[in-house]
Amino acid sequence: MQSQLNPYLSFKDNARQAMEFYQSVFGGKLTMSTFREYFASEDPAESDKIMHAMLEGDNGITFMAADTPNRMPYQSGTNISMSLSGDNEAELSRFYEKLADGGMVGEPLAKAPWGDTFGMVTDKFGINWMVNIAGPKA
């Protein structure tokens with residue numbers, strides 16, 4: 001298997017809902033396992049929290065997530081941005097619109113100075129997204 005870069009998102013008690021939302025945006029196969037399934041916590045309050053989730057889209061988009069254990073600090077959305085890029089304008093525009101639903105637009109999806117179409121949005125779970133649609137080749 002070739003090496004891959006897979007973003008990993010941390011949530012506080014809502015990884016299941018977030019990953020189900022992302023599956024509704026990107027499609028693909030979603031697998032989730034709880035702390036109980038991995039015997040990963042002695043804290044009963046963590047039994048049903050997500051220890052590991054992975055979303056594998058048919059289009060090559062893959063990322064993972066987990067709920068932050070109670071013993072660890074958590075601060076939403078400050079340490080990662082997800083970047084979507086490519087030349088499929090219809091698909092990337094659709095992703096942007098779905099991610100913006102219930103979230104906050106930081107930069108509208110529009111022509112950028114470098115010739116591409118670019119936008120930034122923070123989704124309803126506090127995750128920052130950048131979308132870059134490649135412009136026509138010179």
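Which residue in E4 is the bridge partner of Glu-56? Select Glu-56 and follow the pairing across to E4: the partner there is Thr-62. The model on screen is a predicted one, and this tour works outward from that pair.

**Stop 1: the hairpin.** Select residues 50-56, which make up strand E3, and then residues 62-67, which make up strand E4. The two strands run antiparallel and are joined by four bridges. Besides the pair at Glu-56 and Thr-62, look for Met-54, whose bridge partner in E4 is Met-64. E3 and E4 form a hairpin, with five residues between the strands. In that turn, click on Gly-60, where phi is positive at about 100°.

**Stop 2: the other neighbour of E4.** Add residues 8-11, strand E1, to the selection. E1 pairs with E4 in the parallel sense, again over four bridges. Tyr-8 has Met-64 as its bridge partner in E4. Met-64 is thus a residue to keep labelled: it is the E4 partner of Tyr-8 and of Met-54.

**Stop 3: the whole sheet.** Now add residues 29-34, strand E2. The four strands make an open sheet in the order E1-E4-E3-E2, and the pairing is mixed. E1 and E2 are the edge strands, each pairing on one side only. From one strand to the next, the twist averages 15°.

**Stop 4: the two faces of E4.** Hide the other strands and show the side chains of E4. Thr-62, Met-64 and Ala-66 point one way, while Phe-63, Ala-65 and Asp-67 point the other way. Are these residues buried or exposed? Residues on both sides are buried, Asp-67 among them. Buried here means under 20% relative accessible area. Because six of the six residues of E4 are buried, the strand is largely enclosed by the rest of the structure.

**Stop 5: the largest pocket.** Return to the turn and select Gly-60, Ile-61, Thr-62, Ser-83 and Leu-84. Of the 18 residues that line the largest pocket, these lie nearest its centre. Which elements give two or more residues to this lining? They are E4, strand E5 (81-86) and helix H3 (89-100). E5 gives the most, with five residues. Colour the lining by class to see 10 nonpolar, seven polar and one charged residues. The space in the pocket is about 360 Å³.

**Last view.** Keep Thr-62 selected: this residue is the E4 partner of Glu-56, is buried, and is among the residues nearest the centre of the largest pocket.

Key. Residues are numbered from 1 along each chain as its sequence is written. This is a predicted model: local features need pLDDT of at least 70, side-chain atom pairs count only at pLDDT 80 or more; totals for chains, interfaces and linings use all residues. Side-chain values use heavy atoms; hydrogens and water are left out. Buried means under 20% relative accessible area, exposed over 50%, partly exposed in between (1.4 Å probe, protein chains only). Two strands pair if DSSP finds at least two bridges between them. On a 1 Å grid over the protein atoms alone, a cavity is a set of points where a 1.4 Å probe fits but cannot get out, and a pocket is an open set with protein on both sides within 12 Å along at least five of seven lines; lining residues have an atom within 4 Å of a point. Grid points are joined across faces, edges and corners, and a volume is the space filled by probe spheres set on the points. Ala, Val, Leu, Ile, Met, Phe, Trp, Tyr, Cys and Pro count as nonpolar, Asp, Glu, Lys and Arg as charged, and the others, Gly among them, as polar. Axes are lines fitted to C-alpha atoms, for helices over the stretch in contact, and angles run from 0 to 180 degrees between N-to-C directions.
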